[in-house]
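Please open the model in your viewer and keep the sequence panel beside it. The stops below are meant to be taken in order, with a selection to make at each one.

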Amino acid sequence: MPELPEVEVIRRGLQNHLPGRKILNITAGIKKLRLPMPRKNLKKYILGARVKSVDRRAKFLLIAMDNGADLIVHLGMTGRLGIFPAGAPKSKHDHLRLQLDNNMQLRFSDIRRFGSIQVLPPGTDYSTTMLANLGPEPLGCSFTSAYLQERAAGKSRPLKNFLMDSRIVAGIGNIYACEILFHAGVNPGKKISSLTAKEWTKVVDSSRHILQKAIESGGTTISDFVNESGRSGYFQLELQTYGKQGRPCNCCSTPIIKKTMAGRSTFFCPKCQK
């Protein structure tokens with residue numbers, strides 16, 4: 001599924017296209033997504049409004065309108081959000097099409113329908129949405145080694161599970177958790193209460209490094225991620241552990257191990273990640 005870097009790549013692309021554009025028409029599908037399609041609020045708050053900005057919180061895209069309303073999009077596992085000419089062929093998996101005032105359309109498609117569309121009326125508090133209770137952004141100034149060490153104190157959770165908890169840090173998914181911990185040289189199964197301050201610093205620094213590098217590379221194409229213009233990312237060419245079970249580690253030639261942690265496939269080098 002698209003993770004933080006992929007969503008950020010889409011956000012940056014949409015920010016180049018959407019601000020100032022007026023929504024002239026809305027076509028919403030009838031199939032249920034993760035949440036029911038908010039047809040009434042789309043018509044009431046989005047139709048006729050102009051896009052003010054495109055932001056991101058964790059893996060959510062936040063499209064702010066000039067009337068104070070927000071359109072919140074979560075891509076789920078297979079969701080795509082892109083800009084298309086109005087006459088471009090439509091997909092049977094399109095669930096929402098917004099006609100813009102420049103003869104272009106913003107389209108949301110999702111084959112597996114685990115994504116979601118929400119409309120927040122003007123003045124709505126985010127605490128009533130799925131954005132509530134999210135931890136700090138891993139690229140933000142609040143994400144520090146001291147913060148992680150404080151949240152981990154006295155707890156015995158495995159490090160990778162802790163790092164993927166959106167209440168602790170927003171937006172780090174399975175692929176990047178594996179790559180971050182390899183770069184930091186820390187075993188994903190290590191109990192968080194046993195990490196030193198130095199190791200937490202490595203985790204924070206590696207999180208910033210890997211996520212920034214992935215964003216600059218346009219994201220990772222695992223399954224069917226594409227950006228707002230339909231182009232695939234290429235960070236997958238730089239993956240060190242994810243999906244590499246049995247292959248030699250690029251640093252020490254030890255075979256990469258795959259194990260299941262909290263129901264997710266976890267990849268690591270047993271020699272480099274102590």
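How many of the 11 residues of helix H5 (residues 174-184) are buried? Select that helix in this predicted model, and you will find that H5 is mostly covered, with 10 of its 11 residues buried. The buried ones are Asn 174, Ile 175, Tyr 176, Ala 177, Cys 178, Glu 179, Ile 180, Leu 181, Phe 182 and Ala 184. To see what they pack against, add H1, helix H4 (159-163), helix H6 (197-216) and strand S10 (264-268) to the selection.

Now step to Gly 185, which follows H5 and has a positive phi, near 70°. Gly 185 lies in the loop between H5 and H6, and with a relative accessible area of 27% it counts as partly exposed, because buried would require under 20% and exposed over 50%. Show next the residues that Gly 185 touches once those up to four places away in sequence are set aside, namely Cys 272, Gln 273 and Lys 274. Gln 273 is worth a distance label, since 88 residues separate it from Gly 185 in sequence while their C-alpha atoms are 4.4 Å apart in space.

Move on to the sheet. Select strands S2, S3, S4 and S8, which form an open sheet in that order, S2-S3-S4-S8, with antiparallel pairing. Its edges are strand S2 (51-57) and strand S8 (116-120), each of which pairs on one side only, and the twist averages 20° from one strand to the next. Strand S4 (residues 70-74) is joined to S8 by 5 bridges, the two running antiparallel; to look at a single pairing, pick Leu 71, whose bridge partner in S8 is Val 119.

With the sheet still displayed, bring in two helices. Helix H1 (residues 4-15) lies across S2 and strand S3 (60-65), and runs at about 170° to S2. Helix H2 (residues 39-46) lies across S3, S4 and S8, and runs at about 50° to S8.

Which polar partners does the side chain of Arg 56 have? Select this residue in strand S2 and show its side chain, which reaches the backbone oxygen of Ala 58 at 2.9 Å and makes a polar contact with the side chain of Glu 137 at 2.7 Å. Arg 56 counts as buried because its relative accessibility is 17%, under the 20% cut-off. Leaving aside neighbours within four places in sequence, Arg 56 is in contact with Leu 4, Val 7, Glu 8, Arg 11, Leu 62 and Glu 137.

The next selection is the nonpolar interior. In soluble globular proteins, nonpolar side chains tend to be buried together. The largest nonpolar core here has 30 residues, of which Leu 18, Ile 46 and Leu 71 touch the most other members. Centre on Leu 18 and, not counting residues up to four places away in sequence, you will find that it touches Val 51, Val 54, Ile 63, Ile 83, Leu 100 and Leu 106. Apart from this core lies another, of 26 residues, including Phe 143, Ile 175, Ile 192 and Leu 239.

Finally, colour the chain by pLDDT. The mean is 90, and 92% of the residues reach 70 or more. Over residues 221-228, however, the pLDDT is below 50, although this stretch has 30 contacts in the model beyond near neighbours in sequence. Where pLDDT is low, the predicted coordinates should not be read in detail.

Terms used: Residues numbered from 1 in each chain as written. Predicted model: local features only at pLDDT ≥ 70, side-chain atom pairs only at ≥ 80, totals over all residues. Heavy atoms only, no water. Pairing = 2+ DSSP bridges. Helix = DSSP H or I, 4+ residues; strand = E, 2+ residues; numbered from the N terminus. Axes fitted to C-alpha atoms, helices over the stretch in contact; angles between N-to-C directions. Contact = heavy atoms within 4.5 Å. Buried < 20%, exposed > 50% of the residue type's maximum accessible area, 1.4 Å probe, protein only. Polar contact = N/O pair within 3.5 Å; in protein donor to acceptor, adjacent residues only side chain to side chain. Core = buried A, V, L, I, M, F, W, Y, C linked by side-chain atoms within 4.5 Å. pLDDT = per-residue confidence, 0-100.
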